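Biologist: Please take a close look at the largest cavity in this predicted model. Which residues line the largest cavity, and which helix gives the largest share of the lining?

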Amino acid sequence: MVRSLARSNQHFAKALARLPLGVTSNFRYWGEDKTIYIDHAKGGRLWDIDGNEYIDYRLGYGPCILGYADERVDAAAREGIEIGGVFALSTEREYSVAQRIAKMVPAAELVRFSNSGTEAVMAALRLARAYTGKDSYVMVEGGYHGIFDAALWYTPMKNWDPSKGEPEILAASDGVPGMIRKLMHMVPLNDANRLEDLFKANGADIGAYLIEPIMGNCCSITATQQYLNDARSLCEQYGVIMIVDEVKTGFRVARGGVQELMGFKADLCTFAKAIGNGYPLAVVAGREDIMRKFGDDVVHGGTYTCHSVALAAAEKTLEILDETPALQTIAEYGSNLQQGMGKILSARGIAHSFVGHPSMGGLFFSETPPSNYRDWAKTDYTVYEALAPHLHDLGILCEPDSREPLFICEAHDRACLDETLDKFEQALDLTLSQLNTAGGSAAS
Ligand code: PMP
């Protein structure tokens, strides 16, 4: 059964005349006849303008931690409207939300708010450079840290031939100045020797090491405990600021994010997404001696920073995440989903594994999960890419790109789980017969 997207397609044709690609983010364009326009969403489900209903595992790329249109958060946001918006002055609530963050995340000794993950990571990078006086920085292959020039670099693994040496490093967008490349180093995840060699050779110029230990834009490939411990001490040894990007993992994988889950402390860390259940608020936080650079020599601000609606929504969201078992409920759902999918896959002899945290798990069609982005290139993501459109047609919304994990929210309930597993089974069978007809073989 192929669902109708007639109205979405019609709207796309109209929107294209005024909006580049007919959308407001390149990632929302899924092709001329596949770009979906949303009517509304509630809980763990959303509806497109053709009336198709979906159980959503994208959740806006993660922010919707409790569920769409959560009544508790929306009531707080409505009170936030009454306060008046932005004033180019501060409110008392900034302090109380910062207190809550510091309680949940021990590394967040001091806190500054931003609007988006991009802004928060930009601020962290600037702060690290200012503190160390060193402009170069390190990113991890497969990582995503937002849409600013310093972060828009990637290794095109789909075309990588390991026999020809190291993967190429390219700008992810035209318009990113090539000269920035001279400041940036990229390392594979889970290779502490490589990091050490890099620091040995260039540590005198490197101010920041930017890492997302559960790679929320790369199938949730996860740093090992040993690698994190090694990276942590190498940063100390070479005077490099460790920036942990918790834009996706923060207030999701544990109350204290990936730092609590894996028992370590960043020098600086960034948060966004789950902090406001979808209302736009972000955070850069960290060690007091570094954070005090704000207001000393480092500029930070922005007209819309700490809008009263977003801040009120974040206060309520964090209260719920901190004081109720919401995150446990989410993790349990994720585990049940993985177990159910695992059974369906095993029954068909399909090798698979799940990685990351159950609240944002990545699905691989191989028994051994990848330990970095180079390994990902070797996994069979063609199965996922064939499966996703069938899931969409059946009303299960996942990202077409296999590098996005499955996000869970508190509002995903038993009915969502049963329906998802039932449809996953149907979609998988459709995929297998499609691939077999095409001459491929998914079963091992
Ligand atoms: N860091 C990470 C880890 C992210 O996943 C994202 C967004 N997906 C960002 C930074 C950028 O956040 P934003 O889209 O809010 O600018």
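Modeller: Helix 12 gives the largest share of the lining of the largest cavity: three residues. This helix runs over 381-394. Helix 13, spanning 414-437, also supplies at least two lining residues. The model is a predicted one.

The lining can be named in full. It consists of Tyr 57, Met 341, Leu 363, Tyr 384, Leu 387, Leu 391, Ile 396, Cys 398, Leu 406, Thr 420 and Phe 424. By class, 10 of the lining residues are nonpolar and one is polar. Charged residues are absent from this lining. Thr counts as polar, so Thr 420 is the polar residue in the lining of the largest cavity.

Now the space itself. The largest cavity holds about 80 Å³. Searching the whole structure turns up four cavities of 30 Å³ or more.

The second largest pocket offers a useful contrast. Its volume is about 480 Å³. Two elements give two or more residues each to the lining of this pocket: helix 3 (93-104) and strand 4 (110-114). Helix 3 provides the largest share, with five residues. In total, 22 residues line the second largest pocket. Those nearest the centre of the pocket are Ser 90, Glu 94, Arg 112, Phe 113 and Cys 306. The pocket lining divides into 12 nonpolar, seven polar and three charged residues. Charged residues therefore occur in the lining of the second largest pocket, whereas the lining of the largest cavity has none.

Note on methods. Residues numbered from 1 in each chain as written. Predicted model: local features only at pLDDT ≥ 70, side-chain atom pairs only at ≥ 80, totals over all residues. Heavy atoms only, no water. 1 Å grid on protein atoms, 1.4 Å probe; cavity = no way out; pocket = protein on both sides within 12 Å on 5 of 7 lines; lining within 4 Å. Points joined across faces, edges and corners; volume = space filled by probe spheres on them. Helix = DSSP H or I, 4+ residues; strand = E, 2+ residues; numbered from the N terminus.
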